[in-house]
Each structure stands twice: as C-alpha cells, then as structure tokens.
Amino acid sequence: MADDTSGAASMHRAARREARAYRAGSDQPLVGYAVTAASYAGLVAAGTLLARRNGTREAAATVGPWDLALMGLTTHKLSRLLAKDAVTSPLRAFFTRFQGTSGPAELDEEVRDVDGRKAIGELITCPFCMAQWVATGYAFGLVFAPTLTRSAGAVFSAVAVSDWLQLAYTRLQQAQD
C-alpha cells in the first residue's frame, strides 16, 4: 500500500513540476483547463451512451449540407450571444468583471482570477471556445430532438444573418456621410 501512495505522490510531484515548467511564470490554470476538458469529454460520452441506449446513434450520420450550414450559423450566433451579449452577462458575472463595450451589442469583460474561476471565465467569454460546446450541443440536439433543434437553429441563424445585415447597413450609412 505504501508503494501505491508513494507512486501516486511521485506522479503528483512530477505533474506539478511539469505544469510549472509549462507555465513559465504565467498564470495558466492548467488544472482548470484539465477539469473543463474532462467535463466536456464526460458530457460527450454520456450523450453518446444515452443515444446508443435509445437506439438513435445513426441519426448523427444524416447531417446534410443544409444542416451543416444551419449548425454553423447557429453555433456562430449562439456562441457570441453567450460569450459577449449584455443580456447574458448575468451568466458570466461570477467569472468576469465588466470593462466596457467591445463592439456593437457586445461587452468587454475581464476574466476573474479568483478561486479557480479563470478557466471557466476564459471559456465563457471566448466565442471561439464556446463554439465547440455549442456545436456539440447542437449535434446532440439533432440526435435527440431534430425538429426542435432545426427550428431553434433557424431562429439563431436568422438573427446571425440579420446582425450581419445591420452591420452592413450601418457601414453603408457611414460611407454616405
């Protein structure tokens, strides 16, 4: 039993040493990143097992080009909405600090580095990072509730296109001034 404990302790020390060497003095929350990645993998595994139990595992193979386009637009819009929108700031408040605005209808927030909040704060304020989670949720939505998922996707996709048209309209107005 002592050998198992000393082996685990030795591995723990080696992992901490490697983490310090990797960080090179930065404040990268490697443990938080590892927990976040493990959580993602666990959710994907659970969703996959549930799909297999329900006999819906083949549904994901039916994603066609239109579904992919809808999924891409939805992922873009929902990721930005979750990571940058003022209306969703209460969801991020525990992990961030308001700094100001960063663009049309988007906030600039600083990630808090308190009590292990940094890794989650970085995830939920980064639309590129959120996209992986959103797209995965959308994919599972296609497996478990395809009609509802496509309907929700159509709404978010329409809003994304509308946002781009609003920005283009504003630029055209500014060009005329």
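Select Lys-77, Pro-104, Glu-106, Asp-163 and Leu-167: of the 14 residues lining the largest pocket, these lie nearest its centre. Helices α3 and α7 are the elements that each give two or more residues to that lining. The volume is about 330 Å³. Colour the lining by residue class and you get six nonpolar, two polar and six charged residues. Keep in mind throughout that this is a predicted model.

**Stop 2: helix α3**

Now select residues 65–84, helix α3. Put a distance monitor on its end C-alpha atoms; they are 28 Å apart. At 1.5 Å a residue, the 20 residues should span 28 Å, so the two values agree.

Next, show the side chains of the buried residues. Asp-67, Leu-70, Met-71, Thr-74 and Thr-75 are among them. Further along α3, Lys-77, Leu-78, Ser-79, Ala-83 and Lys-84 are buried too. Lys-77 is also one of the residues nearest the centre of the largest pocket. In general, an α-helix has 3.6 residues a turn, so residues three or four places apart point the same way.

What covers these buried residues? Turn on α4 (89–92), β2, α5 (118–124), α6 (127–144) and α7 (146–176); the cover includes each of these.

**Stop 3: the hairpin**

Select strand β1 (residues 96–103) and strand β2 (residues 106–111). They run antiparallel, joined by six bridges. For one pairing, pick Phe-98; its bridge partner in β2 is Glu-109. Two residues separate the strands of this hairpin. Click Ala-105 in the turn: its phi is positive, about 60°.

Stay on β1 and pick Ser-102. Is Ser-102 buried or partly exposed? Its relative accessible area is 43%, so Ser-102 is partly exposed. Leaving aside neighbours within four places in sequence, Ser-102 is in contact with Leu-107 and Asp-108. Then draw a C-alpha to C-alpha line from Ser-102 to Lys-84: it reads 8.7 Å, for residues 18 apart in sequence. Lys-84 belongs to the buried set of α3.

**Stop 4: Trp-133**

Move to helix α6 and select Trp-133. With a relative accessible area of 26%, Trp-133 is partly exposed. Which residues does Trp-133 touch? Not counting residues up to four places away in sequence, show Thr-36, Ser-39, Tyr-40, Leu-43 and Leu-123. Finish with Tyr-40: it sits 93 residues from Trp-133 along the chain, yet their C-alpha atoms are separated by 7.7 Å.

Notes
Residues are numbered from 1 along each chain as its sequence is written. This is a predicted model: local features need pLDDT of at least 70, side-chain atom pairs count only at pLDDT 80 or more; totals for chains, interfaces and linings use all residues. Side-chain values use heavy atoms; hydrogens and water are left out. Two strands pair if DSSP finds at least two bridges between them. Helices (H or I, at least four residues) and strands (E, at least two) are DSSP runs, numbered from the N terminus. The expected span of a helix is 1.5 Å times one less than its number of residues. Buried means under 20% relative accessible area, exposed over 50%, partly exposed in between (1.4 Å probe, protein chains only). Contact means heavy atoms within 4.5 Å. On a 1 Å grid over the protein atoms alone, a cavity is a set of points where a 1.4 Å probe fits but cannot get out, and a pocket is an open set with protein on both sides within 12 Å along at least five of seven lines; lining residues have an atom within 4 Å of a point. Grid points are joined across faces, edges and corners, and a volume is the space filled by probe spheres set on the points. Ala, Val, Leu, Ile, Met, Phe, Trp, Tyr, Cys and Pro count as nonpolar, Asp, Glu, Lys and Arg as charged, and the others, Gly among them, as polar.
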